[in-house]
Amino acid sequence: MSKWLIARLFTDKNSYLADEYILALGNSARNSFIKLNDYVDISQKNFAVGFRIEHLQRDINLSQYKIEDERLPQASYFLKYFDKEKNIFVYSFCMCPGGFIVPASSEKDRLCVNGISYHNRSNTNANAAIVCAVNSEILGKETLAGIKFQRDIEEKAYKLGGGNFTAPVLRLDDYSNGRVSNKLGKIRPSYTPNYKFADLNEIYPAKINEAIKIALKDFGKKIDAFHKAMLFLQVLKREHHPLLGLKEIGITQLLNIRI
């Protein structure tokens, strides 16, 4: 950088000279955000974290269609719960009918999972993220507090699973009652390489756990399948990155460079 401008962009492939530069960073590009914080005015942004929930797809179909018919497509859902007085906002996200839960970690000794569906959506299970909005009240005021928060809970999840990217899992009723499951119900986790029963209440602050439990009770009134046996897979659902970037504040503000 020279005279408050980016003079040239260097990557592991080449160096580039241009009139303008757009940094299209993904939500896992933490090292890039940390480095940018030394030179660019960026600020903290609210985001959401939570779990991945897994159901039998058959139960979701029956809840949504009220009949069983193989000619119908695999059903999905979108649910949300908002309590203004308690400042709670929990919602489902990235629902994967007939899908799988897969590893999505991007850093050593930290665990994150996500959901996918193949084109035919033919797996026995369905899954979705159940996420709770978080802000500086939970994260703290520092610019990079969101990244620290994400890393801390991913480390907790990794240790809770015993390492080797084993996912800690818990039946829903056991999560609600603060105990560790000792057996599976009808649902078999789709996650590989492995899973382990553990108390998922230990991963997030109590306020997040409380908000998700309240929301799940409400979701059970809307979709009957939420009352049946299911598993919770810890996900740290990275719905967004925790910092404001080009999309939110515009290139002029982002390029307020400090030297």
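# Notebook: salt bridges, strands and core

I began with lysine 207, which forms a salt bridge with glutamate 137, the closest N and O atoms being 2.6 Å apart. I then placed the partners: lysine 207 is in helix H6 and glutamate 137 in helix H3 (residues 136-139), so this pair ties together parts that are 70 residues apart in sequence. I looked up accessibility for both. Lysine 207 is partly exposed at 34% relative accessibility, whereas glutamate 137 has a relative accessible area of 54% and counts as exposed. I note here that the model is predicted.

**Overall counts**

I recorded eight helices and eleven strands in the protein. The protein has 259 residues, and buried residues make up 45% of them. I next took the contacts between residues at least 6 apart in sequence; 76% of these join residues at least 24 apart. For the surface I noted an exposed area of about 14000 Å², of which carbon and sulfur atoms supply 51%.

**Further salt bridges**

How many salt bridges does the structure hold? I found 13 salt bridges.

I examined arginine 110 and glutamate 155, whose side chains meet in a salt bridge at 2.7 Å, N to O. This pair links distant parts of the chain, 45 residues apart: arginine 110 is in the loop between strand E6 (100-103) and strand E7 (113-116), and glutamate 155 is in helix H4. Is arginine 110 buried or exposed? Arginine 110 counts as buried, because its relative accessibility of 15% falls under the 20% cut-off. Glutamate 155 is partly exposed, with a relative accessible area of 27%.

I followed these two residues outward and found a network of salt bridges that links Arg30, Glu107, Arg110, Arg151, Glu154 and Glu155.

I also checked arginine 71, which forms a salt bridge with aspartate 69; the closest N and O atoms are 2.7 Å apart. Arginine 71 is exposed at 75% relative accessibility, while aspartate 69 is partly exposed at 27%.

**Strand pairing around E5**

I traced strand E5 (residues 88-96) and found that strand E4 (residues 80-83) pairs with E5 in the antiparallel sense over four bridges. Within this pairing, aspartate 83 has isoleucine 88 in E5 as its bridge partner. E4 and E5 form a hairpin with four residues between them, and asparagine 87 in the turn has a positive phi of about 55°.

I then looked at the pairing of E5 with strand E8 (residues 125-134), which is antiparallel over five bridges. Here tyrosine 91 has valine 131 in E8 as its bridge partner.

**Core and helix H2**

I turned to the largest nonpolar core, which has 45 residues. Which of its residues touch the most other members? They are Tyr77, Leu216 and Phe219. I listed the elements that each supply at least two residues of this core: E3, E5, E8, helix H4 (145-160), strand E9 (167-171), helix H5 (172-177) and helix H6 (206-222).

I looked up the contacts of tyrosine 77, leaving out residues up to four places away in sequence. Tyrosine 77 touches Ile53, His55, Ile60, Gln64, Ser92, Met95, Ala128, Ile223 and Phe226.

One of these, Ile60, led me to helix H2 (residues 57-65), whose buried residues are Gln57, Asp59, Ile60, Asn61 and Ser63. I asked which elements the buried residues of H2 pack against. They pack against E3, E5 and E8. After H2 comes lysine 66, with a positive phi near 70°.

**Surface patch and a loop residue**

I noted a nonpolar surface patch of about 290 Å², made by Leu9, Tyr16, Leu23 and Leu25. Leucine 25 lies in the loop between strand E2 (15-16) and H1. At 30% relative accessibility, leucine 25 counts as partly exposed.

Last, I looked at aspartate 41, in the loop between helix H1 (30-36) and strand E3 (47-56). Aspartate 41 is partly exposed, with a relative accessible area of 31%. I checked the separation of its C-alpha atom from that of threonine 143: the two are 9.7 Å apart, although the residues are 102 apart along the chain.

Notes
Residues numbered from 1 in each chain as written. Predicted model: local features only at pLDDT ≥ 70, side-chain atom pairs only at ≥ 80, totals over all residues. Heavy atoms only, no water. Buried < 20%, exposed > 50% of the residue type's maximum accessible area, 1.4 Å probe, protein only. Pairing = 2+ DSSP bridges. Contact = heavy atoms within 4.5 Å. Areas by Shrake-Rupley, 256 points an atom, 1.4 Å probe, with all protein chains shown as cover. Patch = residues over 30% accessible without salt bridge, like charges linked within 9 Å, V, L, I, M, F, W, Y side chains within 5 Å. Salt bridge = Lys/Arg side-chain N within 4 Å of Asp/Glu carboxyl O. Core = buried A, V, L, I, M, F, W, Y, C linked by side-chain atoms within 4.5 Å.
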